[in-house]
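Here is a short report on surface patches and charged pairs. Follow it with the structure in view.

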Amino acid sequence: MKKDTSRKKDMQTTEPELQAILDNEVEANLYAAKSLIVCAIVGVLAWLFNLIGIFIIPPIVMNIAMPVMIICFLLPTFVCKLTGGKPAWVKYLNIYCVTLGVFILSSAMPKHGVLAWALPLMLSCHYYSKRLNQMTLVTSWVLFSASIYIGMYVGEGDMNLSIPLGSYGFRSVEKQLLFEATLFFVIPRAMILLGLSAICTTLAGRTRRLLTKQIKDSEERQRISTELDVATHIQGDMLPRIFPAFSDRAEFDIYASMNPAKEVGGDFYDFFMVDERHLAIVVADVSGKGVPAALFMVIGKTLIKDHTKPDVDLGAVFTEVNDLLCESNSEGLFITAFEGVLDLVSGEFTFVNAGHEMPFIAKAGGAYEPYKIKPGFVLAGMEHMEYTSGRMTLSPGDKIFQYTDGVTEATNAAKELYGMERLTDVLVKNTSLKPADLLPAVKADIDAFVGEAPQFDDITMLCVEYLKAMEPLVVT
């Protein structure tokens, strides 16, 4: 669409705002044309009523005035059909056509055409242009005043202004009557038109400001959405996502997934080698959602990994991490977390639980069962908390499944929770699956239960299978 410089100068807007105004002008042109079709129909009815004697306007006046007025009202429709309402000059054509048509109507029917002068001003409101409103007002003033004087001579006649002669034709109007018409009709009605113009201008200005605000809000939302997309990728890149992981290690098989409820989530998982014989796994859930939770997640994940070291008790790890998180927790967030370290030589699995869900354990040849452990207090909830680690021994073929509460608290349209019972059932049915196949099976079962209901919480799962014992390292 061609953007003329006069419109840019008039609008003083940014490019997106200008484009929105231009798009609105096209739509306003089409709506104005439709509105004027109705005005043309009204003109046809007025002409018909005069022909059958309901109106008493001189036939010669109506037979000349009405066709011209109807043509003025229909011309914008014809032009919009040809141009689609896109050229910059179409809005001026619409305003001039309706103003000229109302002028003709007011000249022929001075007593009944007064209200019609609201039409040009009301149509000009659609374009959100103060300059166009002012131009329409000035044009309406001039033609409105002229129509009163012309109507005194050739219109239907106003008993307050003149006494019609016995036959139709031009009337004799005295100077005193012209003076009184100016004083008592032209000036008061012009003032009313000015007041109406003020209302229309205010309405147009307010609507334009709302449109501008909407555009700015849309741009801001787009910017935030773009930044959230970047944050989503950054968060995803922070989690180990390349599977199969540790393809050079035959002692274990591991798989994990995280589906955030929003663009960025507060859940996280992690797995890493503490040293050559120890595998660490972490599953955690930050309270809250969105960006604050995601940022706190980054801090928590980094601290846990950095403080997990060989020969350091996991209870001591969480104790230190908790104090560090409490130091910079102005938002009052907290983390539920489970961390375990598997000794690939002995099968000893050391773990610590900070208010997190109980894991499921599947012994070789057996089904998954929840492993009841006493949860400690959440991380970042209170300073100087002491955390205690626990131990179990895994045999080759044993599996561990850990998750966040987004799994058990997934909700369907009937507000029912997925729950521990359903999770246990789907794990038992799929005990034989490898970790990479188990997690998609559980997620599919959750999706089938939830249906079309929105996801309110992040869904994170991790499964590790201890395949075989590692040969003890030989120290030379």
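Helices here are DSSP runs of H or I, at least four residues long, numbered from the N terminus. The model is predicted.

**A nonpolar patch**

Helix α2 covers residues 15-51 and gives the nonpolar patch its largest share, 6 residues. The patch lies on the surface and includes Ile 37, Phe 49 and Leu 74. Its residues together have about 800 Å² of accessible area. Leu 45 is another member. Leu 45 sits in helix α2. Its relative accessibility is 40%, so Leu 45 counts as partly exposed.

**Charged pairs**

Side chains of opposite charge can pair when their charged atoms come close. The whole structure holds 10 salt bridges. Three of them are listed here.

| Salt bridge | N to O distance |
|---|---|
| Arg 391 and Asp 313 | 3.8 Å |
| Glu 348 and Arg 391 | 3.6 Å |
| Lys 443 and Asp 447 | 2.8 Å |

Arg 391 pairs with Asp 313. This pair links distant parts of the chain, 78 residues apart: Arg 391 is in strand β8, and Asp 313 is in the loop between α8 and α9. Arg 391 also pairs with Glu 348. Here strand β5, with Glu 348, is linked to strand β8, and the two residues are 43 apart. Arg 391 is partly exposed at 49% relative accessibility. Asp 313 is partly exposed at 32%, and Glu 348 is partly exposed at 32%.

Lys 443 and Asp 447 both belong to helix α12. They are 4 residues apart, so about one helical turn separates them. Is Lys 443 buried or exposed? Lys 443 is buried, because its relative accessible area is 16% and buried means under 20%. Asp 447 is partly exposed, at 38%.

Methods:
Residues numbered from 1 in each chain as written. Predicted model: local features only at pLDDT ≥ 70, side-chain atom pairs only at ≥ 80, totals over all residues. Heavy atoms only, no water. Patch = residues over 30% accessible without salt bridge, like charges linked within 9 Å, V, L, I, M, F, W, Y side chains within 5 Å. Areas by Shrake-Rupley, 256 points an atom, 1.4 Å probe, with all protein chains shown as cover. Salt bridge = Lys/Arg side-chain N within 4 Å of Asp/Glu carboxyl O. Buried < 20%, exposed > 50% of the residue type's maximum accessible area, 1.4 Å probe, protein only.
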